[in-house]
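Student: Before we begin, I would like to understand the reasoning behind the labels as well as the labels themselves. Could we look at the structure together and take the terms one at a time?

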Amino acid sequence: METVQRVVDIQTADGLMAVPTSRPVEGGTRPAVIVVMGSPGVSPNIVGIVDRFAQEGYVAVAPDLYHRAGRLRWAPAEKRQEMQGELRANGFSDASIDMDVKATLDYLRSDPGVSTIGITGFCLGGRVSLQTAIRASGLSAAGIFYGGNMFPGDDRPEAFSAIRESATLAVPVIGFFGEEDQNPTAEEARSLDAHLTNIGKEHAFYYYEGAGHAFFNDDSPGYRPGPAADSWEKILEFFDRHLRRAGSPAASRA
């Protein structure tokens with residue numbers, strides 16, 4: 001499907017945030033997917049995933065959660081630690097994440113061409129996807145790809161915790177995890193899986209042998225074509241069921 005890509009600027013309380021977007025050239029009302037970046041930032045890989053969703057018929061957007069430290073900054077692995085120090089100094093936090101994703105949701109909800117809204121993300125973005133599904137309103141479904149740092153210790157009560165906050169989860173979730181990942185470990189993911197089952201939250205988690213962190217990222221040494229292809233097929237089916245087939249303009253604006 002032919003798409004059109006552009007970067008829009010969304011107003012937040014801390015200034016303008018650049019948001020790469022892609023949507024089908026053909027008009028009409030469509031579901032939207034927020035694609036949340038990993039720890040490198042809004043990299044070319046993330047922009048490519050945005051366009052892949054648009055090719056499947058979605059309005060897709062990727063908020064730049066690092067905008068307080070510069071427009072559309074991203075860093076390769078060898079520069080990431082240096083950049084993350086700058087980010088902390090410029091106010092990057094769970095509170096800033098909540099603010100930025102809410103601004104993105106508001107932007108999409110104001111678009112007459114958008115019906116329902118889903119969210120997915122990778123690494124940091126997987127964590128943000130679940131955080132948003134729990135804390136924000138206006139979503140219909142959420143996908144987690146190997147969300148890192150979802151299980152802070154009791155000594156960090158201010159940090160988002162997938163276990164502590166999950167009681168208010170109100171949308172279906174799909175999750176994808178590598179058996180060889182260290183953040184989260186498969187054991188941690190299974191503990192969340194069991195917890196969500198015990199409290200009656202709709203979800204489905206998938207685990208991949210021979211895969212670690214970043215198995216979906218074809219720019220990463222961790223890329224695994226088999227798990228990447230399988231998880232892509234599964235999340236498309238999941239969003240088709242919960243966004244496209246179940247969607248209506250009224251539902252996303254409730």
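Tutor: Let us begin with helix H3, keeping in mind that this is a predicted model. The buried residues of H3 are Asp94, Ser96, Ile97, Asp100, Val101, Ala103, Thr104, Leu105, Leu108 and Arg109.

Student: What makes Val101 count as buried?

Tutor: A residue is called buried when its relative accessible area is under 20%. Val101 has a relative accessible area of 2%, and therefore it is buried. Val101 lies in helix H3, which covers residues 94–109.

Student: Which residues is Val101 in contact with, leaving aside its neighbours within four places in sequence?

Tutor: With those neighbours set aside, Val101 is in contact with Leu65, Ile119, Val128 and Thr132. Tyr146, by comparison, is 45 residues from Val101 along the chain, and the C-alpha atoms of the two are separated by 19 Å.

Student: How do you know that the span of H3 agrees with what is expected at 1.5 Å a residue?

Tutor: The expected span is 1.5 Å times one less than the number of residues. For the 16 residues of H3 this gives 22 Å, and the end C-alpha atoms are 22 Å apart, so the two values agree.

Student: What does the corresponding check give for H4?

Tutor: H4 has 12 residues and reaches 16 Å from its first C-alpha to its last, which is close to the 16 Å expected at 1.5 Å a residue.

Student: Why is H4 called mostly covered?

Tutor: The description rests on a count, in which 11 of the 12 residues of H4 are buried. Among them are Leu124, Arg127, Val128, Ser129 and Thr132.

Student: Why is Thr120 called buried?

Tutor: The cut-off is again a relative accessible area under 20%. Thr120 has 0% relative accessibility, so it counts as buried. Thr120 is placed in strand S5, residues 114–122.

Student: What makes the approach of the Thr120 side chain to the backbone oxygen of Gly143 a polar contact?

Tutor: A polar contact requires a pair of N or O atoms within 3.5 Å, one able to donate a hydrogen and the other to accept it. The side chain of Thr120 reaches the backbone oxygen of Gly143 at 3.1 Å. Beyond four places in sequence, Thr120 also touches other residues, including Val33, Phe53, Ser129, Ile144 and Phe239.

Student: What is known about the largest pocket and its volume?

Tutor: The largest pocket has a volume of about 540 Å³. Its lining is made up of 20 residues, of which Phe92, Leu124, Arg127, Asn149 and Arg156 are the closest to its centre. Helix H2 (80–89), H3 and helix H4 (124–135) are the elements that each give two or more residues to this lining. By class, the lining has eight nonpolar, seven polar and five charged residues.

Student: How does the lining of the second largest pocket divide by class?

Tutor: That lining divides into 11 nonpolar, eight polar and two charged residues. The second largest pocket has a volume of about 430 Å³, and of its 21 lining residues the closest to the centre are Pro40, Arg80, Ala214, Asn217 and Ser220.

Student: What makes a space a cavity, and how many of 30 Å³ or more does the structure hold?

Tutor: A cavity is a set of points where a 1.4 Å probe fits but cannot get out, whereas a pocket is an open set. The structure holds one cavity of 30 Å³ or more. The largest cavity is lined by Arg6, Thr21, Ser22, Arg23, Val59 and Tyr107, and strand S2 (residues 15–24) supplies the largest share of that lining, three residues.

How values were computed
Residues numbered from 1 in each chain as written. Predicted model: local features only at pLDDT ≥ 70, side-chain atom pairs only at ≥ 80, totals over all residues. Heavy atoms only, no water. Helix = DSSP H or I, 4+ residues; strand = E, 2+ residues; numbered from the N terminus. Buried < 20%, exposed > 50% of the residue type's maximum accessible area, 1.4 Å probe, protein only. Contact = heavy atoms within 4.5 Å. 1 Å grid on protein atoms, 1.4 Å probe; cavity = no way out; pocket = protein on both sides within 12 Å on 5 of 7 lines; lining within 4 Å. Points joined across faces, edges and corners; volume = space filled by probe spheres on them. Nonpolar A, V, L, I, M, F, W, Y, C, P; charged D, E, K, R; others polar.
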